[in-house]
Amino acid sequence: MAPPSGQKITLQNGKLHVPDNPILPFIEGDGTGRDIWRASQAVFDAAVEKAYKGKKKIAWYEVLAGEKAFKQVNNWLPDATVEAFREYLVGIKGPLTTPVGGGIRSLNVALRQLLDLYVCLRPVRYFKGVPSPVKAPEKVDMVIFRENTEDIYAGIEFEAGTAAAEKFLGLLQKEYEKEFKKIRFPKNVGIGIKPVSQEGSERLIRAAIQYAVEHKRKSVTLVHKGNIMKFTEGAFRKWGYDLAAREFGDKVYTWDQWEATKAAKSEEAANAEQKAAVAAGKVIIKDSIADITLQQVLTRPDEFDVIATLNLNGDYLSDALAAQVGGIGIAPGGNINYVSGHAVFEATHGTAPKYADQDKVNPGSVILSGEMMFRHLGWHEAADLIIQGMDKAIAQKTVTYDFARLMKLENQGNVTEVKCSEFGQAIIKNM
Ligand SMILES: NC(=O)C1=CN([C@@H]2O[C@H](COP(=O)(O)OP(=O)(O)OC[C@H]3O[C@@H](n4cnc5c(N)ncnc54)[C@H](OP(=O)(O)O)[C@@H]3O)[C@@H](O)[C@H]2O)C=CC1
Ligand SMILES: O=C(O)CCC(=O)C(=O)O
Ligand SMILES: [Mg+2]
């Protein structure tokens, strides 16, 4: 039951209305989620108390999912949990386990789809003092907008050798003979379907450009594999450029415009036009193919700013980019529907099961996901305290095993390796 001490967050005229004692549903998470949640909740409560001196207080509402839900109510994702996030609008979750190659489908993905949380927002930025495997981690300042409801994650798959796969292949053979002949081994073949819609692509890209304009960011890069998957990823790129021109007009300058000027006049003229657009503070809308993007975010990180991409590309990119700024231990995120107001914040990492219940891993990703949640609620004072506490704890080299491991590789002296809970306490002490 929701705590009677709290009140509902509501959406009024498209804006969140946040009471001083909002009810926030949370899922503790599987594996390391349990340790991480305890450490994080303490940080959130301390930040709110310090920022508002009792005037504001979160009414936490635990809802069940994953292993805990299965044990207690024999259901991996109870309807009541989905309904709680629907009713109370904003919440936060720990990671949930998904078995590989069979068993239940991802509960994390299910929650995003059921609540239509179409943006997976994953900022990647450097905290001073964090050990990193790259030479200039301070150049990494990117914000990933990952499409969260479509692509291969829609979960339309047919297992090789099953009646469903045979039926689907039969349909292909009958209706699309040319395509069927392209399957090299037509027997015992698994099939996955990748839906990418214009509406789904546009709402994601719209959110990314809006963010870039509002936050005065330099560019939005549409990352795709449109050379190979022409009508899904290629279409995403085209819909993106068309939308930028149609809806954002003179707030942006697109590489489509650059190409048109080059064709009509010259490359010099196109370059001059782009330079003038940059000087005028316009957001540059460009695109990049996914494979080379994974190289260039490493070699030229300052050329990337906001990134808008499809579900699978965004999944790969967010873990890869996190490595450059200290790893998955401090990679936060939020799943958001900017129209309905629904949002569920969560770390980029998973359940790291080998460390479960050892009070060992870095709680930073969930803590920074909470920081994002506070900003989303307009509680910037509490969010600022979390950043301040984390900055100072890292500067003091009071860190969990993951940072300690990298700091030792860099031969940094005076590193104090602490537990998950102790890192949380170090943040609180430094607020
Ligand atoms: N949104 C979600 O809930 C997600 C769930 N998952 C699920 O999690 C499960 C495990 O996935 P897996 O691929 O192993 O990925 P994980 O992200 O769970 O773990 C991979 C590795 O990342 C490092 N790591 C993860 N979390 C932390 C942390 N908090 N602090 C420090 N280091 C950390 C550890 O590295 P090291 O070994 O080097 O110490 C760990 O072994 C799967 O079932 C997967 O489906 C995965 C991603 C997201
Ligand atoms: O749902 C899962 O188990 C994995 C999800 C994931 O990797 C992600 O959202 O980044
Ligand atoms: Mg992932």
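This is a walk through a predicted model, from its sheet to its helix pairs and then to its two ligand surroundings.

Let us start with the sheet. Strands of a sheet pair through backbone hydrogen bonds, in either a parallel or an antiparallel fashion. Here 11 strands make up an open sheet with mixed pairing, and following the sheet across gives the order β4-β3-β5-β15-β14-β6-β7-β13-β10-β12-β11. The edges belong to β4 (59-62) and β11 (252-254); each has a single partner strand, so one side of each has no neighbour in the sheet. On average, neighbouring strands are turned by 25° against each other, direction ignored.

One pairing within this sheet is worth following on screen. Strand β5, residues 90-93, runs parallel to strand β15, residues 343-346, and 4 bridges join them. If you pick Lys93, you will find that its bridge partner in β15 is Glu346. Elsewhere, a helix lies over the strands: α11 (residues 290-299) lies across β10 (219-224) and β12 (283-289), and its direction makes an angle of about 115° with β12.

Now to the helix pairs. Two packed helices are described by the angle between their axes and by the distance between those axes. Take α1 (residues 33-52) and α16 (residues 420-429) to begin with: their axes are 8 Å apart, at an angle of about 10°. An angle under 35 degrees counts as roughly parallel, and α1 and α16 are therefore roughly parallel to each other. From α1, the contact takes in Asp35, Ile36, Arg38, Ala39, Ser40, Ala42, Val43 and Ala46, while α16 brings Cys420, Ser421, Phe423, Gly424, Ile427 and Ile428. Sorted by class, this contact of α1 with α16 has 9 nonpolar, 3 polar and 2 charged residues.

Next come α13 (residues 364-377) and α14 (residues 380-395), which pack with their axes 7 Å apart at an angle of about 155°. That angle makes α13 roughly antiparallel to α14. The crossing of α13 with α14 is left-handed. On the α13 side you will see Gly364, Ile367, Gly370, Glu371, Phe374 and Arg375, and these meet His380, Ala382, Ala383, Ile386, Ile387 and Met390 of α14. The contact of α13 with α14 divides into 7 nonpolar, 3 polar and 2 charged residues.

What is the arrangement of α7 and α8, whose axes come within 9 Å and cross at roughly 50°? With that angle, α7 is oblique to α8. Here the crossing is right-handed. Gln198, Ser201, Glu202, Ile205, Arg206, Ile209 and Val213 of α7 (residues 198-214) meet a set in α8 (residues 233-248) made up of Phe236, Trp239, Gly240, Leu243, Ala244, Glu247 and Phe248. By class, the contact of α7 with α8 has 8 nonpolar, 3 polar and 3 charged residues.

Finally, the ligands. Ligand 1 has 17 residues around it, of which Pro95, Thr98, Gly329, Gly350 and Asn362 come nearest. Its shell has 5 nonpolar, 10 polar and 2 charged residues. Around ligand 2 are Thr98, Ser106, Asn108, Val109, Asp315, Thr348 and Gly350. The shell of ligand 2 divides into 1 nonpolar, 5 polar and 1 charged. Thr98 and Gly350 appear in both places: they are among the residues that come nearest to ligand 1, and they also belong to the surroundings of ligand 2.

Definitions and conventions. Residues numbered from 1 in each chain as written. Chains lettered and ligands numbered in written order. Predicted model: local features only at pLDDT ≥ 70, side-chain atom pairs only at ≥ 80, totals over all residues. Pairing = 2+ DSSP bridges. Helix = DSSP H or I, 4+ residues; strand = E, 2+ residues; numbered from the N terminus. Axes fitted to C-alpha atoms, helices over the stretch in contact; angles between N-to-C directions. Contact = placed C-beta atoms within 7 Å. Parallel < 35°, antiparallel > 145°, perpendicular 65-115°, else oblique. Left-handed = near helix turned anticlockwise from the far one by under 90°. Nonpolar A, V, L, I, M, F, W, Y, C, P; charged D, E, K, R; others polar. Near = placed C-beta within 6 Å.
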